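Reader: I am new to this structure. Please take me closely through one part of it, the sheet and what packs on it.

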Amino acid sequence: MASLTVRQLDEKVKKLLRLRAARHGRSMEDEIRTILGQAAQGSGRDPPEAIDPPARAGAQAVRPSFATPEPSRERPATSSARRVLLIIGGGIAAYKSLDLIRRLQDHGIAVRCILTKAAQEFVTPLAAGALAGGHVHTDLFDPKSEFDVGHIRLARDTDLVVVAPATADLMAKMAGGHADDLASAVLLATDQPILIAPAMNPMMWSHKATQRNLARLLDDGVITVGPDAGEMAERGEAGTGRMAEPTAIAAAAVTLLDATAGQRPLAGKRIVITSGPTHEPIDPVRYIANRSSGKQGHAIAAAAAAAGADVTLVSGPVNLADPPGVRTVKVESARQMLDAVEKALPADCAIFAAAVADWRVANATSEKIKKTKAGMPPLSLVENPDILATIAHRKLGRPRLVVGFAAETENLIANAKDKLERKGCDWIIANDVSSESGVMGGDSNKVHIVTASGVEDWPPQSKDGVARALVGRIAAALVKEPS
Ligand SMILES: Cc1cc2nc3c(=O)[nH]c(=O)nc-3n(C[C@H](O)[C@H](O)[C@H](O)COP(=O)(O)O)c2cc1C
């Protein structure tokens, strides 16, 4: 009887059934038996598309959905489920966005999808709809969609808009304020936060036009996740441009949803941050120093505190006010800084933004050295403790996430990669501190996030902007790997 039923189904339903059966590792007949069994028990009420894959093991029993049993009208979830509008752009990474739908649902998020025209060359509305459990929106001028939901409601009836993959073209349209298709019109009409996961060929990513568009989008408050560095889908192509993994995008979405819901994503997390230069005494009045202003480290401390973290800032001598809501410990030398950091542990995350002097004067005197006719006093130097390596290599009580800074004037990325390995930390934030860069003492920064999985280039932005983005990234990492 079951095989007769399958043959009698129309093509659309058959396709959905095949998808659902494949997902559950059952034959189509067994899938029908399961559906009928659930229906008989009164527990198998499915959303409008009639065939809706259940949640995987470990996820919630009922997947959150925007859809309701009404045949033609969609409504936002009436439950407390948080809602994401996922816009899938026309890139090769679009297939990963199908997995992203499930990853978001695993966090209890209801997903509604828009596919651009180009996206439909890579994935079908049917596949996205089967996973999302509802109608997929593709056309700005589709009268049914427009009268049912409408692009303005699509834009507003959500808690977050996620664009993945965010193609170069889609980013350009967003930056230019275009609205000539459903995706771009919704992106312009939304009043909700927007998270984009750029994905493109490395040449497209590094092109000045894309970087210009990215800078504008960041300025407009758009939040990015990725792209990662590594092998591209095209044979022989490698570099920065891979879309962030669906788990990372979902974690970033959760962080943003938490933040916009007034929850503070770093609440309950302890963070230790070092900032500023160190002063290494020669005698009671003279010292060896560097040009670090402490602006970046202090900005990170302020952003982490604003995100709810319990922050200890270990600061070298700076001309900055203590950030609000932060426990500030003031030190002078590298050895004092290490001591203060160790006292501030345990912590979930340690960020070493201070420019610690590599050497100190071995024969520092307790009395002021007098200028004599005998000539200049000899100064011999000894190495200072390596604070980053000491903490990153701790066997006991190592913070889960150890982030170092690399301030370089040449071979920035190569030196940062080398530092990541030598010091045993998790991330290195590399920045060019050559005098032309204006970073030392300045208000803006251009950083590169170097991790074991690659290098991420962030566009130039204010040190506050870097701090906020870094804190968002840290929150996502700590959410991803809960203690
Ligand atoms: C096989 C293939 C793969 C592509 N992959 C990408 C990509 O990964 N990223 C990108 O920005 N554009 C990519 N493109 C180009 C986009 O499809 C094209 O710019 C399209 O207009 C983007 O549409 P959208 O604005 O709807 O995303 C690809 C094109 C082809 C033919």
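Author: Here is a close look at the sheet and the helices on it.

This is a predicted model, where local features need pLDDT of at least 70, side-chain atom pairs count only at pLDDT 80 or more, and totals for chains, interfaces and linings use all residues. Residues are numbered from 1 along each chain as its sequence is written, and side-chain values use heavy atoms, leaving out hydrogens and water.

Start with the sheet. It is open, has five strands in the order 2-1-3-4-5, and its pairing is parallel. Strands (E, at least two residues) and helices (H or I, at least four) are DSSP runs, numbered from the N terminus. Two strands pair if DSSP finds at least two bridges between them. At the edges sit strand 2 (109-115) and strand 5 (223-224), each pairing on one side only.

Look at one edge. Strand 4 (residues 194-198) and strand 5 run parallel, joined by two bridges. Leu-195 has Ile-223 in strand 5 as its bridge partner. Helix 12 (residues 246-260) packs on the sheet and touches strands 1, 2, 3, 4 and 5. Contact means heavy atoms within 4.5 Å. The direction of helix 12 makes about 160 degrees with that of strand 3. Axes are lines fitted to C-alpha atoms, for helices over the stretch in contact, and angles between N-to-C directions run from 0 to 180 degrees.

Now helix 9 (residues 182-189). It lies across strand 1 (82-88), strand 2, strand 3 (160-166) and strand 4, at about 140 degrees to strand 1. Leu-187 lies in helix 9. Leaving aside residues up to four places away in sequence, Leu-187 touches Ile-87, Val-161, Val-163, Met-174 and Ile-194.
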